[in-house]
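Colleague: Could you take one helix of this model and go through it slowly, for someone in the first year of study? I would like to know what surrounds it as well.

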Amino acid sequence: MALDAGTRGEAASADLAVTGLAMSFGGARPVFSGLDFAVARGEALALVGANGAGKSTLLRCCLGLVAPDAGAVRLLGEDILALGAARRRALRRHTGLVAQRHNLVPRLSVLSNVIHGLLGQAGGPRFWSHAAAPEEARTRAMAALDRVGIADLALRRADRLSGGQSQRAAIARALVSEPRLLIADEPCASLDPAAGEEIMALFFRLVRETGVTVIFTSHQIDHALTYGDRVLGLKAGGFAIDARAEALAPADFRMLYD
Ligand SMILES: Nc1ncnc2c1ncn2[C@@H]1O[C@H](COP(=O)(O)OP(=O)(O)OP(=O)(O)O)[C@@H](O)[C@H]1O
Ligand SMILES: [Mg+2]
């Protein structure tokens with residue numbers, strides 16, 4: 001495995017630059033500490049590691065959703081930890097999140113759920129349901145559903161979707177606001193292998209089409225190698241892997257899970 005020194009530190013064109021990041025949740029042993037990495041504009045970064053290694057926590061720190069114990073996070077050129085709540089929310093409008101559990105509102109329509117992806121840009125109760133939403137929001141949400149191939153399900157209740165359809169809806173919700181940086185935490189968790197492949201291929205086709213910067217986690221090594229430009233592997237609170245995807249082979253990942 002070749003370590004890529006160029007992936008460390010802060011790049012001038014980085015959409016995300018993290019230095020000295022540490023998080024412990026108050027426990028004796030930190031989840032991670034001393035993490036340094038940067039993600040360049042348009043780059044796809046795969047974050048891998050065993051269950052509990054800290055992947056989701058790291059992603060949440062990067063978006064300013066949880067405060068780390070130490071370190072700095074520059075997101076889209078702004079020091080996210082130094083911002084007040086309002087400016088932090090404003091910055092988050094340029095980001096999208098596909099969570100480990102898709103978190104659709106079950107009783108609302110698929111279309112309403114996708115319109116919720118615009119709440120950060122133009123809030124208010126009119127955006128809670130598709131019936132009240134402004135025409136422009138509905139049009140954008142329908143276009144996003146069309147791109148993920150489920151425009152025909154727009155008016156179906158979200159709790160009546162299959163796992164794969166739910167994940168498509170969650171991707172539409174993340175993309176509808178045209179974010180600059182997208183975070184996808186196990187975007188195909190809970191899907192069968194064929195549906196998982198389909199979702200990853202669809203997700204990364206959209207990512208590459210729009211040139212959005214993406215950080216994703218996966219427990220599937222082939223996904224990290226196929227869709228990531230770079231791979232970071234978390235183990236025992238640090239990066240045991242920090243390399244370009246083409247420099248890695250599946251065997252290099254084994255030690256993450258020992
Ligand atoms: N809110 C919290 N309070 C206390 N501990 C937490 C909290 N969230 C996560 N942890 C702990 O932090 C560690 C890392 O959890 P995290 O969810 O980031 O792991 P992960 O790599 O995403 O795992 P998985 O692959 O299972 O999703 C775990 O030991 C977890 O128990
Ligand atoms: Mg996780």
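Modeller: What follows is a close look at helix α4 and then at its surroundings.

This is a predicted model, in which local features need pLDDT of at least 70 and side-chain atom pairs count only at pLDDT 80 or more, while totals for chains, interfaces and linings use all residues. Residues are numbered from 1 along each chain as its sequence is written, and chains are lettered from A and ligands numbered from 1 in the order in which they are written.

Helices (H or I, at least four residues) and strands (E, at least two) are DSSP runs, numbered from the N terminus. Helix α4 takes in residues 135-147, and its 13 residues should span 18 Å at 1.5 Å a residue, which agrees with the 18 Å between its end C-alpha atoms; the expected span of a helix is 1.5 Å times one less than its number of residues.

Which residues of α4 are buried? A residue is buried if 20 or more other C-beta atoms lie within 10 Å of its own, exposed if 12 or fewer, and partly exposed in between, with C-beta atoms placed from the backbone. In α4, the buried residues are Ala 137, Arg 140, Ala 141, Ala 144 and Leu 145. They cover an arc of only 140 degrees around the axis, which puts them on the same side of α4; the arc is that of the directions from the helix axis to the C-beta atoms. On the face turned away from this buried side, α4 carries the exposed residues Glu 135, Glu 136 and Thr 139. Just after the helix, Gly 149 takes a positive phi of about 80 degrees.

The buried residues of α4 pack against α3 (110-115) and α5 (163-175), where two residues are in contact if their C-beta atoms, placed from the backbone, lie within 7 Å. Turning to the second of these neighbours, α5 has 13 residues and reaches 18 Å from its first C-alpha to its last, close to the 18 Å expected at 1.5 Å a residue. Ten of the 13 residues of α5 are buried, so this helix is largely enclosed by the rest of the structure. Among them are Ser 166, Gln 167, Arg 168 and Leu 175, and what covers the buried residues of α5 includes β6, α3, α4, β7 and α6 (193-210).

Two of those covering elements, β6 and β7, also belong to an open sheet of six strands, which has the order β6-β7-β8-β3-β9-β10 with mixed pairing.

Notes:
Pairing = 2+ DSSP bridges.
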